[in-house]
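Subject: Structure handover

Hello,

Here is the structure for you to look through. My notes follow below it.

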Amino acid sequence: MAHKFVIEQNKAGEYVAKFKYNAETIFWTEGYTSKASAKNAIESILKNGPDAPVDEG
């Protein structure tokens with residue numbers, strides 16, 4: 001599968017959830033102090049993302 005979420009630590013030691021297509025990062029979240037918080041962010045995106053409106057303003 002080419003699309004996937006990846007949780008990585010940044011230089012500050014925070015956990016960041018990234019959405020990648022192949023090796024390219026498409027978007028990422030803010031940094032979280034725990035891996036569980038980054039997983040919660042992914043769950044929120046999966047739950048709320050499909051119904052989110054597109055703002056083209």
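Phe27 sits in strand 3, residues 24–28 (strands are DSSP runs of E, at least two residues, and helices runs of H or I, at least four, numbered from the N terminus). Phe27 is partly exposed, at 33% relative accessible area (buried is under 20%, exposed over 50%, partly exposed in between, with a 1.4 Å probe and protein chains only).

The model is predicted: local features need pLDDT of at least 70, side-chain atom pairs count only at pLDDT 80 or more, and totals for chains, interfaces and linings use all residues. Residues are numbered from 1 along each chain as its sequence is written, and side-chain values use heavy atoms, leaving out hydrogens and water.

Now the sheet. It is open, with 3 strands in the order 1-2-3 and antiparallel pairing (two strands pair if DSSP finds at least two bridges between them). Strand 1 and strand 3 stand at the edges with a single partner strand each, so one side of each has no neighbour in the sheet. Neighbouring strands are turned by 40° against each other on average, direction ignored (axes are lines fitted to C-alpha atoms, for helices over the stretch in contact, and angles run from 0 to 180 degrees between N-to-C directions).

Strand 2 and strand 3 pair over 4 bridges. Lys18 stands opposite Trp28 in strand 3.

Next, the loop between strand 1 (3–9) and strand 2 (15–21). Ala12 lies there. Ala12 is exposed, at 64% relative accessible area. Its C-alpha atom is 9.7 Å from that of Thr33, 21 residues apart along the chain.

Best wishes
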